Amino acid sequence: MKKEESSERPDNTAFTQQRLPAWQPILSAGIVIPGFLIIGLAFIGIGIALFLTSQTIQVLERDYTGYEQDSPCFSCTSSSTKNCTCEITFSLDKPFTGPVFFYYGLTNYFQSFRKYGVSKDDNQLSGDTTYFKSPQDQCFPYQYDSNKKPIVPCGALPNSMFNDTFELFHVVNKTKKRVPLDGKGISWWTDYNIKYRNPSPVNGSLANAFEGTVKPINWPKPAYELDPTDPNNNGFMNQDFLVWMRRAALPQFRKLYRRITEGDYAAGLPAGDYSVTIHYNYPVLNFDGRKKVVFSNVSWMGGKNEFLGIAYLVVGSLCLVMSVVMLVVYAKFKFKEDS
Amino acid sequence: MNGACFRETLRICRRWPDIMAIWKEDVRVEEERHVRANDREYNERFSYADNRIKTAKYNAFTFLPTNLFEQFQRVANAYFLILLILQLIPEISSLSWFTTIVPLVMVLAITAVKDATDDYFRHKSDQQVNTRQSQVLIKGTLQNEKWMNVRVGDIIKLENNQFVAADLLLLSSSEPYGLCYIETAELDGETNLKVRQALTVTSDLANDVARLADFNAEVICEPPNNKLDKFTGTLYWKDNKYSLDNEKMLLRGCVLRNTEWCFGLVIFAGLQTKLMQNCGSTKFKRTSIDRLMNTLVLWIFGFLICMGIILAIGNTIWEQRVGSEFWAYLQWNKFTSNAIFSGFLTFWSYVIILNTVVPISLYVSVEVLRLGHSYFINWDRRMYYSHKDTPAEARTTTLNEELGQVEFIFSDKTGTLTQNIMVFNKCSINGKTYGDVYDEFGHKVDITEKTPCVDFSFNPLRDRKFRFHDSSLVEAIKLEEPLVQEFFRLLALCHTVMPEERNEGELVYQAQSPDEGALVTAARNFGFVFRSRTPETITVYEMGQPVTYQLLAILDFNNVRKRMSVIVRTPKGQLKLYSKGADTILFDRLDPSNDELMYTTSEHLNEFAGEGLRTLALAYKDLDEDVFDEWMKQLLFASTSLDNREEKLGVLYEEIEQGLMLLGATAIEDKLQEGVPETIACLTLANIKIWVLTGDKLETAMNIGYSCNMLRDDMNEVFIISGHTTLEVQRELRAAKESIMGPSREIFSDGPDTEKTDIYSSDSVFEETIISEYALIINGHSLAHALEADLEQILVDVACLCKTVICCRVTPLQKALVVELIKRHKRAVTLAIGDGANDVSMIKTAHIGVGISGQEGMQAVLSSDYSFAQFRYLQRLLLVHGRWSYHRMCNFLCYFFYKNFAFTLVHFWYGFQCGFSAQTVYDQWFITLFNIVYTSLPVLSMGLFDQDVNEQYSLRYPNLYRPGQLNQLFNKRKFFTCTLHGICTSFILFFIPYGAFISAVRDDGTQISDQQAFAVTIATSLVIVVSVQIGLDTNYWTAVNHFFIWGSLAVYFAILFAMQSDGLFNIFPNQFTFIGTARNSLDQKIVWLVIFLTTVVCIMPMVAVRFIKTDCYPTQTDKVRLLQQATRRQGPQEQNLRRVRRTSSRRSAYAFAHQQGYGELITSGKNMKVTTSSTSTYPLSSPERCPGTRGAPDETTTEAETNNTGFKREFDQNQDVTVEDLEAR
C-alpha cells in the first residue's frame, strides 16, 4: 500500500510528540547532601565575615527625647516653649574612625502609614507649577490652608518634616570646638537630580515661583527659605527635605543628618568629650515617640548589622546539621534496602 | 460523503439546554399534532419548529455585550469587577485601578477571542447543515430546497444513500408494496437494514408528482417526543382513517438504502425530530479539579475575609492607641477619624490588597494549560490512525486532567472493541480443519498481513476483499470432494441474505447480520456463488454453473432454537434439509452414526473457540418425499392456526430437524480492533474497571468478553442476571452477592438504606480483599429492574465486586443510567467510549466521553469529548496524556497557590509595621505584573511540558496511574500544605529583610531602609524564590523551561530597571515614583546578602523535606523515576511489550442473526423486486416492475401479519417497557 503524506497526519517533531530533549534532575543524595554541606560552610563563612565586620563598626546612640525628668531636653518637651535648645554630651574612650555619619532616629513614627505616605503631590515636587495652584486631593487635609490658599509642598508627608537641628562640638579643655558637618549629598543622587525639581525661577528668584502659595502649616519657613546659607539647597532640592521625603519602611528608623568629613575630623572623631546642641522643635512625645542622635561609621556591608551575621551563622549551621541528618537517613535507608 | 453532512446537524446536541430554552419559550405544550400535506398555510397556524438549526450564540452586533455579560456571570470575573469598583473609591483604594484592570482586561480579551472563534465555527457549520439540498414538492413541482426551508407538511423526495432530512411519514417508494430499507446506525447503532412500509393507499401514489401534489391528507399524531421506536397517529384521507405506526416512519438520521427513491411527508422537523429530542441533556462538564478549585477559591475568599477582619481590628486598635496620638502628623478629615469606621474602611482596603491570593490569572492559566494538553493529544502521532487518516482529537479542551483519574470505563462493543467485520476464518469439514498455515517443517505460522493469500482468480464472481490463507481448501474444492462441496452448498443455501447485483458479477449481499454475510461470502469465493433468490427458488452458481434450487421452507432462527434450516429440492429432485446452528444444539440432533465425526469436530470447535472465534455447526439431511409431504401439510396447518402458532411451528421444526448428518463447523472471527485485549489488560492493571455496555445479544457480548480476555475460564464464577421481574432480579443479584461475600455479609445487603451509609467505609475496603475473580453479565430487561431505586444499591455492590461487568441488550438510555448510577454511588471518574448514536447518551453522561472516529456515523464523535480511531489509543490517552495532564495540572495548582500566598501575605505581615493602613509592600507595577509577567511563563511551561516519567515508563508501569484515581496529587490536604508553604515563605520573605533593614544603611551612609528599597528587596527575593521553587518543581527541563525561567528573571530585572529609570519617570512622574530605587539598593552588597539569605531559608527546608520523603517513603513514581534515570545512564533498552494470551475456552457462540423473521419475509416474497421465478440476474432498472396486484384483500392481511411478526423483535417489546419505566422515574 502506498502511503502518501496526508494533511491530517500530525507532524513528527520533538515538540508535538513531547519528546523535547530535557534535563531531568532528581534530588539524589549525591547532590543534596554535598549541596547542604557546601551551602552550610559557605554561610558560616559569610556569617563570620559579616559578624566580624559588624563588630568593627562603631555606633553611638543618644536618646534626647526628654522623656525622663532628669534628661537634658526635658525642659523642651512642653509645647509652650518656643525655640528651645538643649544639649546632650557624650565622651569617646577611643577614636571614632571616619568618615562618621550623623543620623537622627525616630521610633514609633509611622512614615509607613499608607495615607501619610501618599499625602504629597508628585507633580508639585517635580516642579510643575500648575499643581501649585491646585494641589492634588491626596494632600488633604494639607491641601489648602484656612484661607483656601494652596499649600506648597502640600500633604502630610512634607508638612511633618523633621525640623530639629543639631550642632556638634568637640569639648577640648572645656572649650567647645565646632565640628564641621557636611550636609551635601546626604540624599540619593536620583532624588536630588531627577525625582525632585524646583519650579523654574521667576525673574531669577525661586521665591517668586512660589507666589500665591503658602508654606506647610508646621513649617517655620517656606520651602524656598529652607537653607539660608546655601541658595542651591532650597525649595524641593533641599537635602534634608529629600531625606525626609524618602519615607521609612518601618516605624523605627534613622535618617542621615550630616556627614563628618571635613577639617580635623575627616579621619574620624578623636577620643574625648563632645556635646550636641539640639534646637528642639519636633514634638514626638504625644504619640510616645522617641528621638535620638546616632553616630556611626560604615564598612563594605553598610552600617552595623548584627542580625545578618547571626542569621547567616544560624542558617549555615542548620544546613550542616541537616546534611548530617540526611546522611544518616540516607545510610539507614540504604541499609534497609540492602537487607 | 453523506456522513460528513450529518455531523454538523448532530453537533447541536451539544448545546441542547440552550436550544431547549429558546424553543420552550416559543411553543406552548403541544397536545396533538395536526399536519396537512401540501398545505403550508394550514400548518403554519401551529407554528411548528422548522428544519433550521441554530447553534450559534452571537452575531456581529450582539457579540460584545452578550459575551461580556456572560463573562461577568462567572464568579471570578464578577469578583474582580467588584474589586475594580472598590478601587475607584478613594477612601479605601489601596491600589491603583490598573493593578486590577490590566489583568482583568487580558483575561476578558483572551476569553472573548476564544468564544468568538468557537462561535464563528458554529455559524459556519450551521450554515453548512441548513443549506443542504433536498427535493421538496412545492406547487406541484419538485424543487431543490435547502434543509432549513423544509416545513412540516411538505412532501420531500429522498434518493438512495441520502440522509433523511426530517421525520417523515413514508408515502411511497421505488420498491414494490411501498417498502423501503433504511439503516438506523445513527439512531440506535444497529447496522442491519430495517424495512419500512408505506400504507397501501399512499404507496399507490408512487412517484407521480401530480398526484402527490394533490395529496391532501391530514395526519393527527403524537406530539414530539424522544421515543425512537414508537409512533402513533392517524391519517385521514378521502374520508378514510388509516392508523400509523413506527413502521411507516423514516426518522431524521437514518440513511435510505437499497431503495432508489421514496417520498415522505414531513411530520417533525428540525429540533422536534426524534433524533434531536433523543439527544438527552448535555450537562456542562467540569472536572473534579474544577469543582475542587471552586471550593478552594471560596475558602480563600473566606481566608481573605478573615485576614481583612484581623487587620481591620488591628487598624481599629491602632487608630485608638497610636493613630489618634499621631494627630499632629496624620490629620484626616473628621469622618475617617472614627477608629471603628477607619477599621471598616481598612477591611475593604485590605480586601483589595490581598485579592491576589485569589489569582485572577489562575482561571486563564488553567485554560491555557488544558488547551495545550489538548493540542498535544491532537498532535500525537501514536494516536493517529493512518488507514483512515484520522488523528486523535480533543474536542473538549476542559477535561484533560480528568483523563488521569478515570476509574470506570464503559465501553460499547460493536465498532468499539470490535471492528464489526466478520471474517470467515477457519472451518472444519468432515473432521479436517482448514484455515491454518504451516511452513515446510509443519509448524503453524502466525498469520500476518504479509502471509500470502489464496488465489481465487478461478472464480470470476469472487469477492475481491475476501482473504483466506490456507490453499488446501481450494485444492479440496477443485478436487470436487463431495463433502466440501456440500459444506459450501449449505452455506450458499441456508441463510436469509438478499443479493443485489448492480452490474454483471458485482454482487452485493444484504445480510441482516454480518456473520451470515461472511459465511455466504466465503461460499461465494469457494465457488458456490449465491446469486439470486425468489420466494420459491435460490440460484447458486456452483463452480460457474447455474443451479436453481427450489426453496420449500425456511425454518427460521430464533433465540430458543439457536439454529436455522432450509428445505430445498435440488434440480435432480432430491429433497434436502440444510441446517446450521449452535454446536450444542445441533449435536443433540445428529444421527448416531456421526458420533466419531462429532467428537473430532468438537475438538476443532474447542480449538476455534480458544482463538476467540465464533463457531457454527453445519449439518444436512436427505428427506424422504412422503415424510416431507406429510410434514409440509402439518406446517401449513400450523402456520394458519390462530393460537400458539409459534409453539406449534417450533414443535414441527423440532420434529424434522432430527437425525442430521454433520458436515462440519465454521469459525468466524468477530474481528476485534487491533490491540484490544492488550489495552484492556493494561488498563486493568492500572486499576481501571471496564464495563461493556452493548445492545448486542448475550451470546455475542460474552463471546467478545472472552476474546477480549475480560471473561476467562479460570474465573470463579460468571453470574448471569436475566430475570424478568423485579423479584427475580433481586433474587439473582442477592445470590450473586452471597456467593461472592459469603452469607455473613447478607445483613448489609438487606436494607438498602442502612447500607448507603457505610458503603464507602466498609465495602471499599472489603472490595480490595476479594482476590477471586467474578464476572457479572446482566441483560437489558433485568437491568431495567435492577436500576430501580431499591435494587440499584445491590447492583452497584455486586457489580463492583466483580472484575468484569457486561450489560447486554441495553438501550441507549439504559447505558446512560448505568453510567449515572456509578457516578452517583462511587464518586469515581467515569469514561464512556463508543462509536454509534446509541452511545451518545452514555458519552454525554459520563465525566468523559470518547468517540471512535473514522466510522460511518459521526454522532458519537460529535457528542464526545475526545475522539480517535482505535480503541487501543485509549491506553495512551489515559496512561500517558491523562496521567501527564493530571500530574501537570496538580503541580501547577500547588505551585500557583503557593506562589500567590507567598506573594500576597507579605502584606499581612507588613500590616503590623504600617499601622494596618493597607500600605502595599511592593510597587504597584510589581503587583500588576507579578502574576501575568514575572511568574506566569515558567509555571505555564512546567504545566505544559513537565513529565515526571516518560511515556514508555508510563505505559510500562500502569500502576503509576493510581495516584490520579486516589486524587493524591491535588486535594484539600495538598492545598493546605502548599498554602502553608506559601505562608511560611511570605513570613520569611518579610521578616529577614525586616531584621536586616531595621538599622541598615548604604555603604555610603545614606539610607536604605526606606519603603521603596525595602519593596525592591522583598520583590526581588520573592521573584528569585519562586523561580527557584519552580525550578525544583520542574522535573523535565526542556529548552523552553530554561528559556522561560531564566527569561522571567531577566525580564524581571529588565522591567525593574526600566520602570525605575529616569526616562519613564520624566514622562509619567505620578506613576513611576520608584525612580532610582533599584539602582540605589541593588548596588549594595547587603541587599544581595539579604536576598541570598532569604532565598536559601525559603528553599532549603523544602529540598530537605523532599529528599527525605523520597528517600524514606518513595512513591511508585519516585521509584520509576530512579529506574528511568538508571536506564538512561545505561543507554536505552528495548523491552518487549507484553502480549496477552487468550485462554482457551469452549463456547458455542451463536450469533448469526440479529433478528428472527427475515425468513418469512423471503418466503412471502415481499422484499423481492421480481416476483416471477426467474433465474436471471436482477436488472439494474427494470422497466417492467411488477408490483403485484394492488389492493387485494388478502394482500392486506399478509401485510398486517408481516408487521406483527416479521419485523417485530422481542427486543422492541422489552424496550418499550424499559424506556417508559425509566422515564417514569
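I count a contact when heavy atoms lie within 4.5 Å. The model I am reading is a predicted one.

**Entry 1: nonpolar cores**

I looked up the largest nonpolar core and found 201 residues in it. A:Trp244 and A:Phe295 are the residues with the most contacts inside this core. I then asked which element gives the core its largest share. That is helix α42 of chain B, residues 1085-1112, with 14 residues.

I noted a second, separate core of 53 residues. Its members include B:Ile429, B:Val520, B:Phe530 and B:Leu616.

**Entry 2: around A:Phe295**

Next I listed what A:Phe295 touches, leaving out residues up to four places away in sequence. Among the partners are the phenylalanines A:Phe90, A:Phe96, A:Phe101 and A:Phe102. I also wrote down A:Val59, A:Val100 and A:Val276, together with A:Leu60, A:Leu168 and A:Ile260. A:Gln58 is on the list too.

**Entry 3: annotated spans**

I checked the UniProt record, an unreviewed entry, for chain A; it gives "transmembrane region" for residues 26-52 and 310-331. In the model I find residues 26-52 of chain A to be 89% helix and 0% strand. The end C-alpha atoms of that span are 38 Å apart. Residues 310-331 of chain A are 100% helix and 0% strand, with end C-alpha atoms 31 Å apart.

For chain B, I found that UniProt lists "domain: P-type ATPase C-terminal" at residues 861-1115, again from an unreviewed entry. I read this span as 71% helix and 1% strand. Its end C-alpha atoms lie 37 Å apart.

**Entry 4: aromatic pairs**

I counted aromatic pairs over all chains, with ring centres within 6.5 Å as the cut-off, and the total came to 106. I took B:Phe468 and B:Phe526 as one to inspect. Their ring centres are 5.3 Å apart and the planes meet at 85°, so I entered the pair as edge-to-face; the cut-off for that label is over 60 degrees.

Where do the two residues lie in chain B? B:Phe468 is in the loop between β19 (444-445) and α14 (471-478), and B:Phe526 is in the loop between α16 (514-525) and β22 (528-533). The pair therefore ties together parts that are 58 residues apart in sequence.

Are these rings buried or exposed? B:Phe468 is buried, at 2% relative accessible area, and B:Phe526 is buried at 0%.

**Entry 5: charges over rings**

I finished with two cases in chain B. B:Arg36 lies over the face of B:Tyr42, 3.9 Å from the ring centre. The charged end of B:Lys238 sits over the ring of B:Trp237, at 4.2 Å from its centre.

How values were computed
Residues numbered from 1 in each chain as written. Chains lettered and ligands numbered in written order. Predicted model: local features only at pLDDT ≥ 70, side-chain atom pairs only at ≥ 80, totals over all residues. Heavy atoms only, no water. Core = buried A, V, L, I, M, F, W, Y, C linked by side-chain atoms within 4.5 Å. Buried < 20%, exposed > 50% of the residue type's maximum accessible area, 1.4 Å probe, protein only. Helix = DSSP H or I, 4+ residues; strand = E, 2+ residues; numbered from the N terminus. UniProt positions renumbered as here; feature names shortened; annotations may be inferred. Phe/Tyr/Trp six-rings, centres within 6.5 Å; stacked < 30°, edge-to-face > 60°. Lys NZ or Arg CZ within 6 Å of the ring centre and 35° of its normal.
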